[in-house]
Amino acid sequence: MTELIEKEDILEAGKRIRNYIHRTPVLSSASINEITGAKIFFKCENLQKAGAFKMRGASNALMLLNEQIRLKGVATHSSGNHAAALALAAKNLGIKAYVVMPSNSSRVKIAAVESYGGNITFCEPTLEARESTLKLLLAKLGATEIHPYNNLNIIAGQATAAKELIEDYPNLDIIIAPVGGGGLLSGTALATHNFSPATIVIGAEPEGAKDAFLSFQQNKIIPSIDPDTIADGLRTSLGSYTFPLIRKYVSEIQLASDQEIVEAMRLIWERMKILIEPSSAVPLAIILKNKEFYAGKSVGIILSGGNVELTKLPF
């Protein structure tokens with residue numbers, strides 16, 4: 001079967017978005033390496049434009065739209081990072097962006113969308129409400145939906161983060177990415193398969209939103225129902241494009257509790273002096289939880305974002 005996203009698609013996405021994103025740094029911490037027993041390389045997408053890896057996929061997807069579609073605008077539903085990225089990417093290209101956001105979205109993420117010129121419609125904090133509100137908006141405006149993760153051009157864009165990590169550190173044993181809807185994890189897995197096939201990929205997920213873990217085990221999509229986790233970016237269900245890629249190219253999905261996620265988040269803040277959101281801390285949390293598994297290995301981590309509400313820190 002021919003892949004829906006080829007190696008060339010990832011390379012082209014990297015060239016296409018180059019002028020609209022940061023090539024983020026890869027940092028390490030001697031003290032965290034000592035604590036974990038692993039050699040960890042942190043790909044800092046928390047320092048990306050709009051504060052998260054989502055800027056990659058949003059830019060790639062929008063740049064591939066024709067002029068007629070651009071004129072009518074784009075729309076999506078998102079709790080924050082994709083919303084902000086889509087609004088900024090749209091602003092860069094002179095496209096109107098309409099965003100459906102749950103009423104309980106982080107204030108900092110709402111402010112970011114507004115600052116980038118996104119038009120927000122609020123809805124009840126359920127997936128059903130998000131999807132139905134977006135459907136009404138699309139019908140009314142004639143805009144084109146840019147799904148947060150279940151979109152091949154989004155996935156190809158997200159894959160560029162792992163591609164860059166592999167270019168900077170080509171001999172990693174393992175790469176870990178957090179998983180919500182699976183855009184980042186499936187893109188990471190695809191990039192790793194194409195550019196570093198000997199490296200294994202592991203998904204990191206909160207115990208309070210372990211639908212990807214269950215889906216992986218049962219070989220079918222298990223929807224995320226009433227997820228309960230501090231990692232607000234990981235509360236979504238896998239998609240029809242992301243799940244098959246994860247099944248094919250991800251070695252396993254490991255879980256961490258909210259307490260373990262907060263401890264990992266604090267460790268990065270304290271030792272590395274960088275600001276990350278809870279979703280970004282899940283990969284380090286699973287390393288701290290499974291030290292024997294990771295001991296002595298070179299591990300790449302995608303730090304997915306840094307959009308934190310500073311008035312509501314968990315520590």
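**Entry 1. Q254**

I looked up Q254 in this predicted model and found it in strand β9, which spans residues 252–256. I then asked whether Q254 is buried or exposed. Its relative accessibility is 8%, and because buried means under 20%, Q254 counts as buried.

I next listed what Q254 touches, leaving aside residues up to four places away in sequence. The contacts are I202, G203, A204, E205, I286, N290, F293 and Y294. Of these, I202, G203, A204 and E205 fall within β8 (200–206). With N290 there is also a polar contact: the two side chains are joined at 3.4 Å.

**Entry 2. The sheet that holds β9**

I traced the sheet to which β9 belongs and recorded an open arrangement of 6 strands, in the order β1-β2-β10-β7-β8-β9, with mixed pairing. I noted β1 (26–27) and β9 as the edge strands, each pairing on one side only. Q254 therefore sits in an edge strand and still counts as buried.

At the other edge, I followed β1 to its partner β2 (residues 39–44); the two pair in the antiparallel sense over 2 bridges. In one of these pairings, L27 has F42 of β2 as its bridge partner.

I also checked helix α9 (residues 183–195), which packs on this sheet. It touches β7 (174–178), β8 (200–206) and β10 (298–303), and its direction makes about 160 degrees with that of β7.

**Entry 3. The sheet of 4 strands**

I then turned to an open sheet of 4 strands, ordered β5-β4-β3-β6, and recorded its pairing as parallel. Which strands stand at its edges? They are β5 (119–123) and β6 (144–145); each has a single partner strand, so one side of each is left without a neighbour in the sheet.

For β6, I looked up the link to β3 (residues 74–77): the two strands run parallel and are joined by 2 bridges. V74 has T144 in β6 as its bridge partner.

**Entry 4. Helices α12 and α13**

Finally, I examined how α12 (residues 258–272) packs against α13 (residues 278–289). Their axes lie 7 Å apart at an angle of about 100 degrees. Since angles of 65 to 115 degrees count as roughly perpendicular, I entered the pair as roughly perpendicular to each other.

From α12, the contact takes in E260, I261, A264, M265, L267 and I268; from α13, it takes in P278, A281, V282, L284, A285, L288 and K289. I sorted the residues of this contact by type and obtained 11 nonpolar, no polar and 2 charged.

Methods:
Residues numbered from 1 in each chain as written. Predicted model: local features only at pLDDT ≥ 70, side-chain atom pairs only at ≥ 80, totals over all residues. Heavy atoms only, no water. Axes fitted to C-alpha atoms, helices over the stretch in contact; angles between N-to-C directions. Parallel < 35°, antiparallel > 145°, perpendicular 65-115°, else oblique. Contact = heavy atoms within 4.5 Å. Nonpolar A, V, L, I, M, F, W, Y, C, P; charged D, E, K, R; others polar. Pairing = 2+ DSSP bridges. Buried < 20%, exposed > 50% of the residue type's maximum accessible area, 1.4 Å probe, protein only. Polar contact = N/O pair within 3.5 Å; in protein donor to acceptor, adjacent residues only side chain to side chain.
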